[in-house]
Amino acid sequence: MSTEETRLGDPPGPADEAGERTLFGHPIGLTNLFGVELWERFSFYGMLTILGYYLYYSTTEGGLGLDQSTALGIVGAYGGLVYLSTVLGGWIADRVLGMERTVFYGGVVVMAGHIALAVLPGLAGVGVGLVLVAFGSGALKANASSLLGTLYSPTDARVDGGFTLFYLGINLGAFTGPLLTGLLQREWGFHAGFAAAAVGMALGLTQYVVFRRNLGTHGRDVPNPLTRRELNPVLIGVAIAAVAVLVAVLTGLLTLDNLSDVTTGVIVVASVVYFAVLLTSAKVTQVERTRVRAFIPLFIANAVFWSLFQQMFTMLAVYSDERVDWRIFGWEAPASWIGSVEPVWIIALSPLFALMWTKLGNRAPSTPIKFALGVIGMGIAFWMFALLSGFEGKTVPVLAVFLILGGFAVSELLLSPIGLAVTTHLAPAAYRSQMMALYFFSVGIGTSMAGTLARYYSPDNETAYFGISGAAAIVAGLVVAALAPWIKRHMQGVH
């Protein structure tokens, strides 16, 4: 460690026998990625929890007055597009900038998008802002997670604990963002809430630059540099894609009403193509190819999980606004605070899960079993909502919702940080960032599906809606559990 690095900020942490600088037993670079992800999620979830309301509230309430089902579809499609754009972020990291610089520039684009939402009125602001946030988040998210994975060796038993702590940062941002933007939206309007999201991302970028050297040389290299010969086909492909989107809009094939359906279809097709590339590329070894096959059932299970979980910002946002009694000691909290409830549980439970995985080490359940338990737990949580269908109107107790979202949190901790960790270690060396983008494709499929599924919800069919959705997730989890021995064998030594 150089003297300059010491001056840059963090107090020296203990070091392992190889001289690695650590904090609480983890590489010091984790603190930098923890911080930038915290503020990115603050801005992302702070904006997302009020976005649906902004789209479907009437103009007298400060909204745009869109049809509610259309608004929820846009929210789902936007979330899906964020994760679809991770492939672009992964490609830029692998071929042009490297992971570390892509994280920084992605944050700059995210901040610009939130500024556009704050200052531009109407659908113009929504269009410009959401496109910028989607591309920026896609660049930052896949690469921050992949960059963290490079701090650990494939056999390092600390990795699940490290990703769980990283997940704590994500959820600190997810908790505080909706609290602040929800209050600002109620007191000063939607654009004040969007402005707070921009300020949050600016703070994240500032801390990232100040403590940048904690990452050392990790993520600075470009694994598969783009050659001049390859540049023209890339530019032609981008132009064709842009023209195709324009034609689809002008001919009515792509509308606000079917945006979430189209987004889901595009990500599914892109995922199939990406798996085909990884399984046939000459740059992928036979062992790496086997590991990619092991990833396929985990990919599908992840998509099922997020199709339920991400309804927090579509169907459950409406449920919160129309069915939940938010009076707390005589004061009524904003309905958008439902976005902050589940992160409370994550913040409380993340250290316990990190300690548990670190303590258990290689004795912990295998990744496929963790995935199975996470998906099954999500289904059971949806069944718990079905039990509340007997409440009439806006009378569902907020305490009951709080407890059910605790089930969301336990399920998420069993699956999501584990998924981030295993993806980095199953990834072929030449496609590390793009493999993480593929992981986020599964999140994107689930997120866009959350917008599509939300259209089928109404207070009149709550029991059936929650019951069928929960049952589908439980069946998916049981299938993964049955396939666990096959998946574990094909993971080729990755725990």
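Here is a quick tour of the cavities, two helices and some salt bridges in this structure. Keep in mind that the model is predicted. A search for enclosed spaces turns up three cavities of 30 Å³ or more, and a search of the whole structure for salt bridges finds six.

**The largest cavity**

- The largest cavity has a volume of about 220 Å³.
- Its lining is made up of 22 residues, and the closest of them to the centre are Y45, Y167, I170, W306 and E412.
- Several helices chip in with two or more residues each: α2 (29-56), α6 (122-149), α7 (159-188), α11 (286-309), α13 (338-360), α15 (398-426) and α16 (432-454).
- Helix α7 gives the largest share of this lining, with four residues.
- By residue type, the lining of the largest cavity splits into 14 nonpolar, four polar and four charged.

**The second largest cavity**

- The second largest cavity holds about 50 Å³ of space.
- If you want to find it in the structure, look for the residues that line it: L48, V75, G76, G79, Q310, F313, T314 and T447.
- Here the largest share, three residues, comes from helix α3 (residues 68-84).
- The lining of the second largest cavity has three nonpolar residues, five polar ones and no charged ones.

**Helix α4**

- Helix α4 covers residues 86-97, twelve residues in all, yet its end C-alpha atoms are only 14 Å apart.
- A straight helix would reach 16 Å at 1.5 Å a residue, and α4 falls short of that.
- The buried residues of α4 are T86, V87, G89, G90, A93, D94 and R95.
- Just after α4 comes G98, which takes a positive phi of about 90 degrees.

**Helix α10**

- Helix α10 covers residues 259-280, and its 22 residues should span 32 Å at 1.5 Å a residue; the end C-alpha atoms are indeed 32 Å apart, so the two values agree.
- Its buried residues are L259, S260, T263, T264, I267, S271, Y274, F275 and L278.
- Look down the axis of α10 and these buried residues fall within an arc of 130 degrees, so they line one face of the helix.
- V269, V272 and T280, on the other side of α10, are exposed.

**Salt bridges**

- Side chains of opposite charge can pair when their charged atoms come close.
- One such pair is R455 with D261, where the closest N and O atoms are 3.3 Å apart.
- R455 sits in the loop between α16 and α17 (462-490) while D261 belongs to helix α10, so this salt bridge ties together parts that are 194 residues apart in sequence.
- Both ends of that pair count as partly exposed: R455 has a relative accessibility of 30%, and D261 has 36%.
- R323 and E462 also meet through their side chains in a salt bridge, at 2.8 Å from N to O.
- Since R323 lies in the loop between α12 (315-322) and β3 (324-325) and E462 lies in helix α17, the pair ties together parts that are 139 residues apart in sequence.
- R323 counts as buried, with a relative accessibility of 5%, and E462 counts as buried too, at 1%.
- A further salt bridge joins the side chains of D325 and R327, with 2.9 Å from N to O.
- R327 is exposed, with a relative accessible area of 56%.

Key
Residues are numbered from 1 along each chain as its sequence is written. This is a predicted model: local features need pLDDT of at least 70, side-chain atom pairs count only at pLDDT 80 or more; totals for chains, interfaces and linings use all residues. Side-chain values use heavy atoms; hydrogens and water are left out. On a 1 Å grid over the protein atoms alone, a cavity is a set of points where a 1.4 Å probe fits but cannot get out, and a pocket is an open set with protein on both sides within 12 Å along at least five of seven lines; lining residues have an atom within 4 Å of a point. Grid points are joined across faces, edges and corners, and a volume is the space filled by probe spheres set on the points. Ala, Val, Leu, Ile, Met, Phe, Trp, Tyr, Cys and Pro count as nonpolar, Asp, Glu, Lys and Arg as charged, and the others, Gly among them, as polar. The expected span of a helix is 1.5 Å times one less than its number of residues. Buried means under 20% relative accessible area, exposed over 50%, partly exposed in between (1.4 Å probe, protein chains only). The arc is that of the directions from the helix axis to the C-beta atoms. A salt bridge is a side-chain nitrogen of Lys or Arg within 4 Å of a carboxyl oxygen of Asp or Glu.
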